[in-house]
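Reader: I'd like a close look at one part of this model, the pockets, and then a walk from there into whatever packs around them. Could you take me through it in one go?

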Amino acid sequence: MKLKIFTKTIFIVTISLIIRNICLSKEKELPYMRDGVSFSIADGWKIIANDSIGNNAYYFSAERTGTKATGLITVTWVNKIENPLETIILHQRSMKTAKIYQKTGIEFSMATSDNFAGQKVQSCHYVTFVNEQKLEGIIYCFNSFQKTITIFFQSGLTDQKLNQKAFALIQQTFNCRD
């Protein structure tokens, strides 16, 4: 009788530990939703900006935490339809004059048609150096539900694999509605 109770107890404890480990091993995600725009941020990322810009625009930014982390995600949108290609060109001009990129410069590829979260978009890649570290990024821009949305992903080469997982999560969970 005691052996039967002991065996059941061991079985229940083992199953409980397995379930606990499965739950803890899954990456935690931070859901984000504002003005009809939603996506998830991976665990290990910190929101550094979440602001309205006037009455018609929003700015969200997150960076990966940890030493030597280089990941940066920025999502901006305006509540009106603008030409995505012209919007990318405006962002390029703004980045070229930004103090952080002035010393080393920043180079952009030509904007091309692309796909982001099932949306047809315009995109361009860029390369720069910050604090003697090579950074690569991509800018996506598209229209959705009376919004013009721009998404920036930036990563250094040393932690690119970790950052790519977070970028992929945003693409998989991104949604925009009225």
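Author: Sure. Keep in mind that this is a predicted model. Let's start with the largest pocket: 22 residues line it, and Tyr-59, Thr-74, Thr-76, His-91 and Phe-152 are the ones that lie nearest its centre. Its volume comes to about 420 Å³.

Where does that lining come from? Strands S4 (57-64), S5 (72-78) and S10 (147-156), along with helices H2 (84-97) and H3 (99-102), each put in at least two residues. S5 gives the most, with five residues. As for chemistry, the lining of the largest pocket splits into 13 nonpolar, eight polar and one charged.

Now the second largest pocket, with a volume of about 320 Å³. It has 16 lining residues, and nearest its centre you'll find Ala-69, Thr-70, Val-130, Leu-135 and Gln-154. Two elements give two or more residues here, S4 and strand S9 (133-144). In this pocket S4 is the one that gives the most, with four residues. Sorted by class, the lining of the second largest pocket holds seven nonpolar, seven polar and two charged residues.

On to the packing. The largest nonpolar core has 26 residues, and the ones touching the most other members are Phe-39, Phe-116, Ile-149, Ile-151, Phe-153 and Phe-174. Some familiar strands come back at this point: S4, S5, S9 and S10 each give two or more residues to this core, as do strand S2 (37-42) and helix H4 (160-173).

Ile-151 is a good place to zoom in. Leaving aside residues up to four places away in sequence, Ile-151 touches Thr-74, Val-75, Phe-116, Ile-138, Ile-139, Tyr-140, Phe-142 and Phe-174. Thr-74 in that list is also one of the residues nearest the centre of the largest pocket.

There's also a second, separate core of twelve residues, with Ile-106, Tyr-126, Cys-141 and Phe-152 among them. Phe-152 is another residue you've met already, nearest the centre of the largest pocket.

Cys-141 deserves a word too. With 1% relative accessibility, Cys-141 counts as buried, and Cys-176, at 7%, is buried as well. If you were hoping for a disulfide, the whole structure has zero. For Cys-141 the reason is distance: the closest cysteine sulfur belongs to Cys-124 and sits 9.8 Å away, so it is too far for a bond.

Terms used: Residues numbered from 1 in each chain as written. Predicted model: local features only at pLDDT ≥ 70, side-chain atom pairs only at ≥ 80, totals over all residues. Heavy atoms only, no water. Disulfide = S-S within 2.5 Å. Buried < 20%, exposed > 50% of the residue type's maximum accessible area, 1.4 Å probe, protein only. 1 Å grid on protein atoms, 1.4 Å probe; cavity = no way out; pocket = protein on both sides within 12 Å on 5 of 7 lines; lining within 4 Å. Points joined across faces, edges and corners; volume = space filled by probe spheres on them. Nonpolar A, V, L, I, M, F, W, Y, C, P; charged D, E, K, R; others polar. Core = buried A, V, L, I, M, F, W, Y, C linked by side-chain atoms within 4.5 Å. Contact = heavy atoms within 4.5 Å.
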